[in-house]
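Colleague: Hey, got a minute to walk me through this one? I'd like to know how the pieces fit together.

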Amino acid sequence: MEKLREFFRQLPDQNIIQITLSNTRDAARASKVKVRPVSIRGRVCFQETLYLGKQVFHRNLEKEELAGRLTEYMECLFRQGQISCTGLEATILVSKKGSVSIKTKKQENTAPDMSHNRSRRYILPEGEPVDFLVSLGVQTPQGQVIRAKYDKFRQINRYLEFIEDVCDKLPADRTIRIVDFGCGKSYLTFAMYYYLHQKKGRDIQVTGLDLKADVIRHCSELAERLRYDGLRFEQGDISNFQDAEQVDVVVSLHACDKATDYALEKAVKWGASVILAVPCCQHELNGQIRCTSLRPVLRYGVIKERMAALITDALRADMLEDQGYEVQILEFIDMEHTPKNLMIRAVKSAGIPDGIRIRPKHSGAEEDAAFWRTMEFLHVDPTLKELLYEEDDH
């Protein structure tokens, strides 16, 4: 593979447009990898995007790491590489016996786009003023993004990509009912309303709920000023919210600890078609988890905390699947901006009746037994389990 390593080493970083590695040998590790240059705070590095099933993972690489990383991928995982550079295209093929073929050809000069955020792909593009973004201080009246708000602008557009993906799961013959638990300052609540109602022309009613009276007052005033008639805000607690009989979309972004569980329970009870949850501060299982087999790992506080958070969300996803949802855990925004970056996106499967599927543990199905065995192995008792399932005395 030295021939391949040398080829990657000689690629001029300023001329790379995109590198795509495909034809995987092991789909359980990755199906595809893309690499492109990005400029972060004036410094050029390379953003790796790894595709694994329905999940996508990002990592930024230094120039010094790039050749070794790409060579390792081609040596162990992928059989084909497509390299696009300014003035050059290359195709790399690795045979089953490990022989390497590199074919190059000239192409029209195309400058690489090294912006960390490629505006042409944004649902709400730069340079076009949007009323709620201007009012919330994300854009100038001319549509330019305020520098200090660029991360928020990217987050809003990333969120709208998730909304766009599930639009066809929402009813088209009636008003779409949406509840946003723990809406906070409501950047994303306003974004969702604007996208679905203003851009997509859907008939929607959105309720934003939060504990802070001043936040609710500010958001209500802004919604009224923007004439967002289908958007209202209420002060209240997730666990006590009852003002709905039918809800199509439940949103819970950064609801702290058990608040996410109460939001998920209500979503299942309502038979919501779509659930979007970005959990935060998953403390509950950190205080419960005990496992002799994992003791060498769990004795490190920071490791235990992170493992407990990931296990919490994985179990939440498992329980939603058991309730009849197709579930994905997706990267919401880059880890460099916040570690609270995982979204649980659940779409109700066709033919599943509304309401919680009450069923005691150990109901007989193999997947159920495995699900409960995991919790027993870790000695954890998640709140969502208590909310969704009856206890079994057997």
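**Helices and sheets**

Modeller: Sure, let's start with a pair of helices: the axes of helix 1 and helix 2 come within 9 Å and cross at roughly 145°. Keep in mind that this is a predicted model.

Colleague: Which hand does the crossing of helix 1 and helix 2 have, left or right?

Modeller: Helix 1 and helix 2 make a right-handed crossing.

Colleague: And which residues meet there, between helix 1 and helix 2?

Modeller: From helix 1 you get Leu4, Arg5, Phe8 and Arg9, and they meet Lys63, Ala67, Gly68, Leu70, Thr71 and Met74 of helix 2. Sorted by kind, the residues of that contact are 5 nonpolar, 2 polar and 3 charged.

Colleague: OK, sheets now. What's the strand order in the one with antiparallel pairing?

Modeller: That open sheet has 7 strands, in the order 4-3-2-1-5-6-7. Strand 4 (55-61) and strand 7 (100-106) are at the edges.

Colleague: Why is one side of each of those two left without a neighbour in the sheet?

Modeller: Strand 4 and strand 7 each have a single partner strand, so one side of each has no neighbour in the sheet. The twist there averages 15° from one strand to the next.

Colleague: How many bridges join strand 6 to strand 7?

Modeller: There are 7, with strand 6 (residues 88-94) and strand 7 running antiparallel. For example, Val94 has Val100 in strand 7 as its bridge partner.

Colleague: Where do the helices come in?

Modeller: Helix 1 (residues 2-10) lies across strand 5 (78-85), strand 6 and strand 7, at about 30° to strand 7. Helix 2 (residues 63-76) packs on the sheet too, touching strands including strand 1 (16-24) and strand 4, and its direction makes about 140° with that of strand 4.

Colleague: Switching topic: what's the order in the sheet with mixed pairing?

Modeller: It's an open sheet of 7 strands in the order 10-9-8-11-12-14-13. Strand 10 (231-235) and strand 13 (325-331) stand at the edges; each has a single partner strand, so one side of each lacks a neighbour in the sheet.

Colleague: In which sense do strand 8 and strand 9 pair, parallel or antiparallel?

Modeller: Parallel: strand 8 (residues 176-181) and strand 9 (residues 204-210) pair over 6 bridges. Arg177 has Gln205 in strand 9 as its bridge partner.

Colleague: Which strands does helix 5 lie across?

Modeller: Helix 5 (residues 187-199) lies across strand 8, strand 9, strand 10 and strand 11, and runs at about 180° to strand 9.

Terms used:
Residues are numbered from 1 along each chain as its sequence is written. This is a predicted model: local features need pLDDT of at least 70, side-chain atom pairs count only at pLDDT 80 or more; totals for chains, interfaces and linings use all residues. Side-chain values use heavy atoms; hydrogens and water are left out. Two strands pair if DSSP finds at least two bridges between them. Helices (H or I, at least four residues) and strands (E, at least two) are DSSP runs, numbered from the N terminus. Contact means heavy atoms within 4.5 Å. Axes are lines fitted to C-alpha atoms, for helices over the stretch in contact, and angles run from 0 to 180 degrees between N-to-C directions. A crossing is left-handed if the near helix is turned anticlockwise from the far one by less than a right angle, and right-handed if clockwise. Ala, Val, Leu, Ile, Met, Phe, Trp, Tyr, Cys and Pro count as nonpolar, Asp, Glu, Lys and Arg as charged, and the others, Gly among them, as polar.
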